[in-house]
Amino acid sequence: MWEILAAAAMVCFGTYYFLNKKKHRRIALACKAFATAMPGLLLIRYALRTGLIRFGTVSSGSAGAAGCQELSGISAAAFWFTLAAIVFYMAADVLLECRFVLGAVSFAAGHILMSAGILLGTADAGSFVEAGRVRFLCFALILFCVYAGAACFILRSFIPHLRAKKLFLPAAAYIVVLSMMAACAGAAGLLRGGVSGAALALGGISFVVSDVLLGQNRLGRRRSLVKGAAVLVLYYLAVYLLVISYLVD
């Protein structure tokens, strides 16, 4: 029920932003960030419901540690890293419209934090036994090469422009970080399996496709409204799926 309400709120906030980003810029940017916040609120609700975080209570000693160590679907460390990633994504939503490079840096920081959350969540789920660790590394390496290679191939025509603007290295670094996060999500999803694993893997893929389309739209001579809408839909879908993967079996 709450997952459906969060998805509906993302659609409403995202649609308002897309339709009003030029007429009511400040409100539209706030709505853009609010849409990204919805999966974070789902995660917080889950943490409160399962006892990971409690407002108005102070836990101490071994009892507190035991009570706050792990959720049924996500550990304490994975929870905080994932939540921090969403906060950076929200900041990037606004920064991207004001200072594109700073927005990209904020997104990159979010990807690193999300990767840490995925790795910790996978380890805590018991998937990092000897064989599982090797399989994870193999899957992640293959997916990283696929995602980074596809992004570079699709955006190859913009390399001269990026070099002229001295943005080639930052752009390449961003693709590396993005591909790393998506590869971690894909590898963890393959190990986890089921609906949860599929959501995690699809979340990573959606982020890559969204950012590649964003690069095409930003660097191309003409900006496409259709591509702009696709970027937004895939971005919100990515954040939602990455979070919802912890909340479903």
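## Exercises on pockets and helix packing

The largest pocket in this predicted model has a volume of about 740 Å³.

**Exercise 1.** Determine which residues lie closest to the centre of the largest pocket, which helices supply its lining, and how the lining residues divide by class.

*Solution.* Begin at the centre: of the 30 residues that line the largest pocket, F100, L162, A171, Y174 and L219 are the closest to that point. Next, assign the lining to helices, where α5 (100–124), α6 (130–154), α7 (159–164), α8 (168–192) and α9 (194–219) are each found to supply at least two residues. Among the contributors, α8 gives the most, with seven residues. Finally, sort the lining by class, which yields 23 nonpolar, two polar and five charged residues.

**Exercise 2.** Describe the second largest pocket by its volume, by the residues closest to its centre, and by the helices and residue classes of its lining.

*Solution.* The volume of the second largest pocket is about 550 Å³. Its lining consists of 23 residues, of which Y17, K21, E97, L214 and R218 are the closest to the centre. Taking the helices in turn, α1 (2–20), α2 (25–50), α4 (76–98), α9 and α10 (225–244) each supply at least two lining residues. By class, this lining comprises ten nonpolar, four polar and nine charged residues.

**Exercise 3.** Work out how α2 and α4 are oriented to each other, and list the residues that make their contact.

*Solution.* Two packed helices are described by the angle between their axes and the distance between the axes. For α2 and α4 the angle is about 175°, and the axes are 9 Å apart. Angles over 145 degrees count as roughly antiparallel, and α2 and α4 are therefore roughly antiparallel to each other. On the α2 side the contact is made by R25, L29, K32, A33, T36, A37, P39, G40, L43, I44 and A47, and on the α4 side by F79, T82, L83, I86, Y89, M90, D93, V94, E97 and C98. By class, the residues of this contact divide into 14 nonpolar, three polar and four charged.

**Exercise 4.** Decide whether L241 is buried or exposed, and place this residue among its neighbours.

*Solution.* First locate L241, which is found in helix α10. The relative accessible area of L241 is 15%, and since buried means under 20%, L241 is buried. Leaving aside residues up to four places away in sequence, L241 touches A199, L200, L202, G203 and S206. As a last step, compare sequence with space: L241 and G197 are 44 residues apart in sequence, while their C-alpha atoms are 9.9 Å apart.

Conventions. Residues are numbered from 1 along each chain as its sequence is written. This is a predicted model: local features need pLDDT of at least 70, side-chain atom pairs count only at pLDDT 80 or more; totals for chains, interfaces and linings use all residues. Side-chain values use heavy atoms; hydrogens and water are left out. On a 1 Å grid over the protein atoms alone, a cavity is a set of points where a 1.4 Å probe fits but cannot get out, and a pocket is an open set with protein on both sides within 12 Å along at least five of seven lines; lining residues have an atom within 4 Å of a point. Grid points are joined across faces, edges and corners, and a volume is the space filled by probe spheres set on the points. Helices (H or I, at least four residues) and strands (E, at least two) are DSSP runs, numbered from the N terminus. Ala, Val, Leu, Ile, Met, Phe, Trp, Tyr, Cys and Pro count as nonpolar, Asp, Glu, Lys and Arg as charged, and the others, Gly among them, as polar. Buried means under 20% relative accessible area, exposed over 50%, partly exposed in between (1.4 Å probe, protein chains only). Contact means heavy atoms within 4.5 Å. Axes are lines fitted to C-alpha atoms, for helices over the stretch in contact, and angles run from 0 to 180 degrees between N-to-C directions. Angles under 35 degrees count as roughly parallel, over 145 as roughly antiparallel, 65 to 115 as roughly perpendicular and the rest as oblique.
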